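Biologist: Could you take me through this structure slowly, one question at a time, and show how each answer is reached?

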Amino acid sequence: MLPLLLLFGLLLLLLLCLQWRHPNHHLLPPGSMGWPYIGETFKLYTQNPNSFFSIRQKRYGDVFKTHILGCPCVMISSPEAARVVLVSKAHLFKPTYPPSKEKMIGPQALFFHQGPYHSRLKKLIQASFLPSAIKPSVSQIENIVLRLLPSWDNSQINTLQQMKRFAFDVAMISAFGDQQDLEIERIKHLYQCLEKGYNSMPLDLPGTPFRKAMKARKLLSETLGKLIEKRQRSNEYGGGLLAVLLGGDGDGDKVEKNKLSNSQIADNIIGVIFAAQDTTASVLTWILKYLHDDHHLLGAVKKEQDAIFEEKVREGGRGLTWDDTRRMALTSRVIQETLRTASVLSFTFREAVEEVEFEGYLIPRGWKVLPLFRTIHHSAHFFPHPEKFDPSRFEVPPRPNTYMPFGNGVHSCPGSEMAKLEILVLLHHFITGYRWKVVGEESGIQYGPFPVPKGGLPIKVFSRKNKITSLN
């Protein structure tokens, strides 16, 4: 009996091995799929992503398989492989997110498409974020900053939460313009309800964060639909991305042959708000942490910003201009280095549209493929002493395909310049007007899902006119 059981076990093992073998004898990449359904999701989102990636890279190499957010995945960690997936053979790897993310953002959002529909949308959305289009946004962003910062004075704030508040307000202006429709406040509320369940496990059961988020998503679509119809009826498209999408040609003029459906417009508005908030807020939080911890660097950034502030005073106390932001060379390098060091976007999702042979392995059709930006950004081969925060490394351009904070190829983030602009405007006013001190001794990192300083970086904020001793 025992020999028969052993023989049966060997046959079963052979069958399991064969099922993972391609007819051409190419194997899946090495790796672990973790627990059934859950996979390795909790490991990825609850520990240092550097550890998660580096442990598997050392064990399996630059290409390995795993299972996260309900999806089988292949992770790749070399610049050359990332370029293949994102640029040279991008037609084999369509942009995608796990199904739960697509449901929440909307299946017709720019992120999830390629081909003519994607090209048309990308052209429209890029029209909203070209330098020529965002120059007038400097004063709009400045107004948001000047309303927000006085509420921080002489108080303790949670940096991440306040930066999310700021980035969300900027995203709303980018999406809808200055026009204050009655629906805007409800859209804000419903989006915040949606956001609470965005990174939850996709369990569609009563009382779960996912179910609550999907209910909010349905109401958000309905409210956006009403706003879209109202602006269509009035022929007053307002400003922001919504006006461009309603216009259909990037100039705000209605062109019937290019008209997008209301659901397409709604999905892309929600997608832009999603892309604009958490990442920008996380980067700003890290910048304040890095500057706080390096007094010499902070002093140099203050000197640069004070010079611009003093010029504004000499010119009658004018507001900040686009040209001012182009003269913030050191501050811009601080942003670049923060994007590298923090690598808030650790990876991006792609999906194999057919079976793909990749570096000797088989990637099955439908599997997710994740280029690991964080691993590349933290490689000593491309960035010497990668753990050191050193903005001077960006005095010369990095090697091609080694620095991808906004992705690469036709699906790179169209709003990258807007993100950098809003960061510069806030930093100018905060650094020239205030001092801050981190509260508490904890200096760890939390992951949920973006890596941010522990506790959201609580800080005490004081006006620079106060004595430095006020910070103690």
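Biologist: In which helix is Glu142 found?

Modeller: Please keep in mind that this is a predicted model, and that every value I give is computed from it. The helix that holds Glu142 spans residues 137-148, and its name is α8.

Biologist: Which side chain of opposite charge is nearest to Glu142, and how far away is it?

Modeller: Glu142 is buried and yet has no salt bridge. A salt bridge needs a side-chain nitrogen of Lys or Arg within 4 Å of a carboxyl oxygen, so the candidate nearest to Glu142 does not qualify. That candidate is Lys312, at 4.2 Å.

Biologist: Which backbone nitrogen does the side chain of Glu142 reach?

Modeller: Leaving aside residues up to four places away in sequence, Glu142 touches Lys312, Gly319, Leu320, Val425 and His429. From one of these residues comes the backbone nitrogen that the Glu142 side chain reaches, at a distance of 3.0 Å. The residue is Leu320.

Biologist: Which helix gives the most to the largest nonpolar core?

Modeller: In soluble globular proteins, nonpolar side chains tend to be buried together. Here the largest nonpolar core has 101 residues, and those with the most contacts inside it are Phe176, Ile269 and Phe430. The helix that gives the most to this core contributes 16 residues and runs over residues 262-293, and it is α13.

Biologist: How many residues are in the second, separate core?

Modeller: This core is separate from the one described above, and its members include Leu28, Val63, Val74 and Phe358. The number of residues in it is 19.

Biologist: How many disulfides does a search of the whole structure find?

Modeller: Two of the cysteines can be described by their accessibility: Cys193 is partly exposed, with a relative accessible area of 27%, and Cys413 is also partly exposed, at 32%. A disulfide needs a pair of cysteine sulfur atoms within 2.5 Å, and the number that the search finds is zero.

Biologist: Where is Asn401, and what is its phi?

Modeller: Asn401 lies in the loop between α17 (373-377) and α18 (416-433). Although Asn401 is not a glycine, its phi is positive, at about 70°.

Biologist: Is Leu457 buried or exposed?

Modeller: Leu457 is found in the loop between β11 (451-453) and β12 (458-463), and it has a positive phi of about 60° although it is not a glycine. Its relative accessible area is 3%, and because buried means under 20%, Leu457 is buried.

Definitions and conventions. Residues numbered from 1 in each chain as written. Predicted model: local features only at pLDDT ≥ 70, side-chain atom pairs only at ≥ 80, totals over all residues. Heavy atoms only, no water. Helix = DSSP H or I, 4+ residues; strand = E, 2+ residues; numbered from the N terminus. Buried < 20%, exposed > 50% of the residue type's maximum accessible area, 1.4 Å probe, protein only. Lys, Arg positive; Asp, Glu negative; His and termini not counted. Polar contact = N/O pair within 3.5 Å; in protein donor to acceptor, adjacent residues only side chain to side chain. Contact = heavy atoms within 4.5 Å. Core = buried A, V, L, I, M, F, W, Y, C linked by side-chain atoms within 4.5 Å.
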